[in-house]
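Hi,

Here is the structure I promised to pass on. Have a look at it first, and then read my notes underneath.

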Amino acid sequence: MDIIVIGSGNVATAMGRKMLSAGHRILQVYSRNRAEATHLAGLLQADPIGSLREMDGRAGLVLVSVSDTAYPAVVREIPFTRSLMVHTAGSVPMEVLKGSSPRFGVLYPLQSLLKTLPVQTDLPLLIDANSPESLSYLGAFAGTLSHTVVQAGDEARLKYHLGAVMVNNFSNHLYALTDAWCRQEGISFSLLHPLILETASRLAYASPGQLQTGPAIRNDEQTLGKHLQLLEDRPDLYRLYEWFTQSIRRWKHGTAR
Ligand SMILES: NC(=O)c1ccc[n+]([C@@H]2O[C@H](COP(=O)([O-])OP(=O)(O)OC[C@H]3O[C@@H](n4cnc5c(N)ncnc54)[C@H](OP(=O)(O)O)[C@@H]3O)[C@@H](O)[C@H]2O)c1
């Protein structure tokens, strides 16, 4: 398919690469920053454009991937087109694209994407569109990029996004806090890497609620006390440790909500 990419951030770059390697042709890349447009267009063998008025009307699909709050302003600048317009946001309604084309939808990658890293092979795509024809067209396209393509409306997509924030952004923040604490204490965070990977990989054969280990689930008061003592000069980590301990206990007693 012939594609236009609008945006030059993490998702525009990662999805652009993914589409190119799946055999699609990227016609143009638009970014408000001309240097970024030129750089990404170079990577994607496309032409950079500095104005949305230059969009090629022959594109089969236009991927709009900008910051969540920027969609309305960017969409207002897009000249009316018959290309299928899709955005990539978890928490932005599909209708934001309504004025730009009679055919619009969403292509939301349920994965953490960074322009500096290769795209994961496991890339679930949540799709939606404003008509059965557009949904079927988008579904066929998405199937060239991923084995996991699921239709999800605005409400379900928002819930998946919230889930993604909890399992990815929050757990990564815990890693960052623990990494900094390890440095402060002169121990090596990298020795914890196998544990992080093992915990995630166990999800392939059991639900997380069945996999809980550690002093909180064992009611090991002595160890909990020693850990909290170590965190006395770190009120932020102390509060987190206490909160998680109580949450695990509530879970164990079936009172978690
Ligand atoms: N990263 C992920 O893991 C991920 C995963 C799934 C979905 N998403 C969604 O994908 C979208 C893009 O995310 P991202 O991570 O790629 O963001 P990003 O790396 O911050 O890139 C945002 C892009 O939007 C452009 N932009 C921001 N405001 C603009 C405006 N007013 N006019 C024109 N362009 C503007 C930025 O241009 P400048 O460089 O000039 O600022 C940049 O090209 C978001 O909707 C996000 O929720 C992200």
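Below are my notes on the ligand site and on two helix pairs.

This is a predicted model, with local features needing pLDDT of at least 70 and side-chain atom pairs pLDDT 80 or more, while totals for chains, interfaces and linings use all residues. Residues are numbered from 1 along each chain as its sequence is written, and side-chain values use heavy atoms, leaving out hydrogens and water.

Ligand first. There are 21 residues around it (a heavy atom within 4 Å), and Asn 10, Val 11, Arg 32, Asp 68 and Leu 113 come nearest. For polar contacts (N or O pairs within 3.5 Å), a polar side-chain atom of Asp 68 sits 2.5 Å from a ligand oxygen. The side chain of Thr 88 has an N or O atom 2.9 Å from a ligand oxygen, and for Ser 67 a backbone N or O atom is 3.2 Å from one.

Now the helices (DSSP runs of H or I, at least four residues). H5 (residues 154-185) and H9 pack at about 130°, axes 12 Å apart. That makes H5 oblique to H9 (outside the ranges under 35, 65 to 115 and over 145 degrees). Leu 174, Leu 177 and Trp 181 in H5 meet Leu 237, Leu 240 and Phe 244 in H9 (heavy atoms within 4.5 Å). By class, that contact has 6 nonpolar, no polar and no charged residues.

H8 (residues 221-230) also meets H9 (residues 235-252): their axes come within 10 Å and cross at roughly 160°, so the two are roughly antiparallel. This contact has 4 nonpolar, 2 polar and 3 charged residues.

Cheers

Note on methods:
Axes are lines fitted to C-alpha atoms, for helices over the stretch in contact, and angles run from 0 to 180 degrees between N-to-C directions. Ala, Val, Leu, Ile, Met, Phe, Trp, Tyr, Cys and Pro count as nonpolar, Asp, Glu, Lys and Arg as charged, and the others, Gly among them, as polar. A polar contact is a pair of N or O atoms within 3.5 Å; within protein, one must be able to donate a hydrogen and the other to accept it, and residues adjacent in sequence count only if both atoms are side-chain atoms.
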